[in-house]
Amino acid sequence: ALGDFQAGRFEASRKAFADPDTTGSEFLGPSEAGTVALAAGDWARARKHLDQAAAYVREVEDRALVSATEAAEGLASLAINEGVKSYYGEGYERVMIHVMLALTYLGEGSLEGVWVEVRRANRLLESEETLYEKSYQAGGMGNFMSAVAYELYGELADAYIDYKRMEAKGVGTELAGRALVRLGTRLGRDDELPTWIERYGPDVERPDGAASVVLLAGVGLGPYKEETTLTLPLPGGTVQWSVPTFRRRPQPVGRLALVHVPSGTRVTSSELENVAQVAAANLDDRIGWLAAKSAVRAGLKYAATNALAEEHGAIGWIVGSVFTMATERADLRCWTTLPDSWHGARMFLAPGVHELSLEAVGGQSTTLGTYELERGETLVVIARTLGSRLYAYPIGGRRIDPAAPAPAPEAAPAVPQP
């Protein structure tokens, strides 16, 4: 299923991941299938799968929103090994469900749906930060989507707040900083504007009634888990500890570039959120808890091996030791189709007709098409890179080159203008 996804065989991959036997997990199956459908520009199917994953972990999420500690205790059950338990996702994965659901709503032009999912993602992120008493460099993708949605409705003050949240957390500051200067100028925020200008430079000139193109992209393939094991032979048996660690994949594409074909103007994407780093940090915060559980299991198995050795001699010791080594395994389940990072970009253009393309720097380029954009209109491009491959879906504007390859049918609805 993962090989089909990386090769762009999205429908085969989606069907395989949707089969419960592929992952053996009621959370991962629909999460993976939803991500594949999203990369294919199939917003309806993506939301159906992701809603299924969200429903499965709803109780865990609701408990986390009431008490982060209580939710963690509920997930801390002891088993022979971590892999035999039901998998409810890592904390960052449960946040990502709602970020990706927000993308499906944006793909269909439903801004209310975007805000609902972003708010839930932010609250779940805050719960994780409360539990581990730290601030993750996360939330940039959700806040940027929310800010763009507010701007589409002309709610500039609310958009300004989202950009301030990004700047405060240090995520997507290239985009957020320029937006704070732009909106701070329009809103007359004279108390804060000098700070933004000092950090990010003065506002730039834009055409009268400028339209804009907004890029939201998942870049690369996220990390996967490996097992770290310590085995210690003792006179009475074998003690073994196993915990997971994340391994990051090589990423041939580092950024994307929106290109205005007639003029050659390029706007390079900025990283909104590094999923791989957040995943590793989130796991690091859980590692002590996982190691403690592994140690408790090791002690119980060591005692069982001793008992077998006393009753059956060497055969009992061998059976107990083999059982310990065979069953003490770290839980390596994770959401494998997530991107390595989320990126965004914004280009302002004069109202009128524009030919656009998108380039994966270090990989493929694709023609987005020629669009007529009205005053203040926003064209949204949702994209995904896999290796050097690039998949992109424009939403909005009026396409005027019918001979060119059209985006998926689900990508057609226009995003409301301010």
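A contact here means heavy atoms within 4.5 Å. Keep that in mind for your opening look at this predicted model: among contacts between residues at least 6 apart in sequence, 71% join residues at least 24 apart.

**The whole chain**

Start with everything shown as a cartoon. You should find 15 helices and twelve strands. Now switch on the surface: the accessible area comes to about 17,500 Å², and carbon and sulfur atoms account for 53% of it. Of the 418 residues in the chain, 52% are buried.

**Stop 1: an aromatic cluster**

Select Phe5, Phe10 and Tyr391, and show their side chains. Ring pairs link these three into a cluster. A search of the whole structure turns up ten aromatic pairs. Take Phe5 and Phe10: their ring centres are 5.9 Å apart and the planes meet at 50°, so this pair is classed as tilted. Is Phe5 buried or exposed? Phe5 is buried, because its relative accessibility is 0% and the cut-off for buried is under 20%. Phe10 is buried as well, with a relative accessible area of 10%.

Swing round to the other pair that Phe10 makes, with Tyr391. This one is edge-to-face, with 4.8 Å between centres and 65° between planes. Colour by residue number and look at what is being brought together: Phe10 belongs to helix H2 (residues 10-18), Tyr391 to strand S11 (residues 389-395), and the two are 381 residues apart, so the pair links distant parts of the chain. Tyr391 counts as buried too, at 16% relative accessibility.

While you're at this end of the sequence, add Arg9 and Asp4. Their side chains meet in a salt bridge, at 2.6 Å from N to O. Arg9 is partly exposed, with a relative accessible area of 46%.

**Stop 2: charges over rings**

Clear the selection and pick Arg47 with Tyr105. The charged end of Arg47 sits over the Tyr105 ring, 4.3 Å from the ring centre. Then jump to Arg206 and Phe348 for another example: Arg206 lies over the face of Phe348, 5.2 Å from the centre of the ring.

**Stop 3: Tyr224 and its surroundings**

Next, select Tyr224, which you'll find in strand S2 (residues 224-234). Tyr224 is partly exposed, at 28% relative accessible area. Which residues does Tyr224 touch, leaving aside those up to four places away in sequence? The contacts are Thr245, Phe246, Arg247, Arg249 and Cys334. Add Trp335 to the view and draw a distance between C-alpha atoms: Tyr224 and Trp335 are 111 residues apart along the chain, yet their C-alpha atoms are separated by 8.0 Å.

**Stop 4: a five-stranded sheet**

Hide the side chains and go back to the cartoon. Look for the open sheet with the order S5-S4-S8-S9-S12 and antiparallel pairing. Strands S5 (265-268) and S12 (398-399) are the edges, each pairing on one side only. Turn on backbone hydrogen bonds if your viewer draws them; strands of a sheet pair through these, in either a parallel or an antiparallel sense.

Zoom in on S5 and strand S4 (residues 255-260). Four bridges join these two in the antiparallel sense. For a landmark, label Ala257 and Thr268: Ala257 stands opposite Thr268, which is in S5.

**Stop 5: salt bridges around helix H11**

The last stop is about charge. How many salt bridges are there? The count comes to 19.

Select helix H11 (residues 156-169) and show Asp162 and Arg165, which both lie in this helix, three residues or about one turn apart. They form a salt bridge whose closest N and O atoms are 3.2 Å apart. The two partners differ in how they are covered: Asp162 is buried at 2% relative accessibility, whereas Arg165 is partly exposed at 46%.

Add Glu167 and Arg199. This salt bridge has its closest N and O atoms 2.6 Å apart. Glu167 is in helix H11 and Arg199 in helix H13 (residues 193-200), so the pair ties together parts that are 32 residues apart in sequence. Glu167 is buried, at 14% relative accessibility.

To finish, select Glu11, Arg14 and Lys15. Here salt bridges that share partners join the three residues into one network.

Terms used
Residues numbered from 1 in each chain as written. Predicted model: local features only at pLDDT ≥ 70, side-chain atom pairs only at ≥ 80, totals over all residues. Heavy atoms only, no water. Phe/Tyr/Trp six-rings, centres within 6.5 Å; stacked < 30°, edge-to-face > 60°. Buried < 20%, exposed > 50% of the residue type's maximum accessible area, 1.4 Å probe, protein only. Lys NZ or Arg CZ within 6 Å of the ring centre and 35° of its normal. Areas by Shrake-Rupley, 256 points an atom, 1.4 Å probe, with all protein chains shown as cover. Pairing = 2+ DSSP bridges. Salt bridge = Lys/Arg side-chain N within 4 Å of Asp/Glu carboxyl O.
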